[in-house]
Amino acid sequence: MTTEFDRGSHGSDDRGGIDRDPERGTSAVYRAAWVTYLLLALGGVVWLGVERDGPITLDLFISPSGWAFDALIGLAAGGGLLLLWRALATLPSGARLESQIAQLLGPLAPGEALALAVVSGVAEEFFFRGAMQTAWGWGWATLIFGLLHTGPGRDFRLWTFFALLAGGVFAWLTIWRGTLMPAILAHVLVNAVNLRRLTAAA
């Protein structure tokens with residue numbers, strides 16, 4: 001993959017210091033995120049398998065008769081959350097937070113941003129709404145989901161606040177529709193748009 005980065009022997013970007021693989025051009029943060037989300041998905045599989053005491057069936061993810069409506073409301077919910085985030089980003093703390101997240105992630109190619117959005121949305125929804133919400137209820141799943149979206153400094157409190165609201169929306173969608181599809185689509189849409197926007201400008 002060709003990028004605009006300096007790929008010297010240290011594999012670092014001369015603008016932001018983001019370590020990158022000299023062969024693939026992917027940042028260390030990007031690779032670590034993939035590992036984290038795959039482990040999260042695996043944990044969800046084990047946890048939900050124990051809770052269900054049986055196989056995980058396709059109806060957890062999609063309703064054969066209602067998938068079109070589920071897709072529509074999932075995308076609508078994701079669009080609403082994106083509008084909320086853009087409003088929060090106009091605050092001084094929101095602008096600083098976006099800058100910090102962009103620096104942390106470093107530049108990503110469009111395909112990388114989309115792949116990370118998909119794996120994060122699917123893994124987090126499967127773990128938090130599929131497994132944790134099934135075992136502990138939507139309240140605990142939403143609270144823990146929100147609190148795990150944090151970072152150093154006061155500006156990251158805005159991210160936690162947004163994650164709590166988004167987690168509540170994802171929980172409601174899952175309870176209402178009985179499948180993970182709407183929550184997954186909403187989550188992936190939010191992550192895809194924001195990741196592309198932030199990492200393209202990094």
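Helices, as the term is used here, are DSSP runs of at least four residues, numbered from the N terminus. On that basis, leucine 58 falls in the loop between H1 and H2. The model in which this loop is seen is a predicted one.

The overall architecture may be set out before the details. The chain contains seven helices and zero strands, so that the order of elements from the N terminus reads α-α-α-α-α-α-α. Of its 202 residues, 45% count as buried. Among contacts with a separation of 6 or more, 70% are made by residues 24 or more positions apart. The chain exposes about 10,400 Å², and carbon and sulfur atoms supply 67% of that area.

The account begins with helix H1, which spans residues 28–52 and includes leucine 42. Leucine 42 belongs to a nonpolar patch on the surface, together with Val35, Leu39, Val45, Val46 and Val50. The accessible area of these residues together is about 560 Å².

The loop that follows H1 brings the text back to leucine 58. With a relative accessible area of 62%, leucine 58 is exposed, because the threshold for exposure is over 50%. The C-alpha atom of leucine 58 is separated by 9.2 Å from that of threonine 179, although the two residues are 121 residues apart along the chain.

Helix H2 is considered next. Aspartate 70 forms a salt bridge with arginine 177, with an N to O distance of 2.4 Å. Since aspartate 70 lies in H2 (residues 67–89) and arginine 177 in H6, this pair ties together parts that are 107 residues apart in sequence. The two partners differ in their exposure: aspartate 70 counts as buried at 0% relative accessibility, whereas arginine 177, at 25%, counts as partly exposed.

Alanine 89 also has its place in H2. Its relative accessible area of 14% makes alanine 89 buried, the limit for that class being under 20%. Residues up to four places away in sequence aside, alanine 89 touches Gly94, Ala95 and Glu98. Its C-alpha atom is 10.0 Å from that of tryptophan 159, a residue 70 positions away in sequence.

Glu98, one of the residues touched by alanine 89, takes part in a salt bridge as well. The side chains of glutamate 98 and arginine 197 meet at 2.6 Å, N to O. Glutamate 98 lies in helix H3 (residues 92–105) and arginine 197 in helix H7, so this salt bridge ties together parts that are 99 residues apart in sequence. Glutamate 98 counts as buried at 11% relative accessibility, while arginine 197, at 24%, counts as partly exposed. The structure holds four salt bridges.

Another of the salt bridges is found within a single helix. Glutamate 125 and arginine 129 both lie in H4, four residues apart, about one turn of the helix. An α-helix has 3.6 residues a turn, so residues three or four places apart point the same way. The side chains of glutamate 125 and arginine 129 meet at 2.8 Å, N to O. Both partners are buried: glutamate 125 has a relative accessible area of 0%, and arginine 129 one of 2%.

Glutamate 125, in H4 (residues 110–136), has a further polar partner. A polar contact of 2.6 Å joins its side chain to that of histidine 187. Beyond its neighbours within four places in sequence, glutamate 125 is in contact with Gly130, Phe170, Leu180, Ala183, Ile184 and His187.

Helix H5, residues 138–148, has Ala141, Thr142, Phe145 and Gly146 among its residues, and these four are buried. Viewed down the axis of H5, the buried residues fall within an arc of 125 degrees, and therefore line one face of the helix. Those buried residues pack against H4, against helix H6 (156–177) and against helix H7 (181–200). On the face of H5 turned away from the buried side are the exposed residues Trp140 and Leu148.

Notes
Residues are numbered from 1 along each chain as its sequence is written. This is a predicted model: local features need pLDDT of at least 70, side-chain atom pairs count only at pLDDT 80 or more; totals for chains, interfaces and linings use all residues. Side-chain values use heavy atoms; hydrogens and water are left out. Helices (H or I, at least four residues) and strands (E, at least two) are DSSP runs, numbered from the N terminus. A polar contact is a pair of N or O atoms within 3.5 Å; within protein, one must be able to donate a hydrogen and the other to accept it, and residues adjacent in sequence count only if both atoms are side-chain atoms. Contact means heavy atoms within 4.5 Å. Patches are made of residues with over 30% relative accessible area and no salt bridge: like charges are joined within 9 Å, nonpolar side chains (Val, Leu, Ile, Met, Phe, Trp, Tyr) within 5 Å. Accessible areas come from the Shrake-Rupley method with a 1.4 Å probe; for residues, only the protein chains shown count as cover. Buried means under 20% relative accessible area, exposed over 50%, partly exposed in between (1.4 Å probe, protein chains only). The arc is that of the directions from the helix axis to the C-beta atoms.
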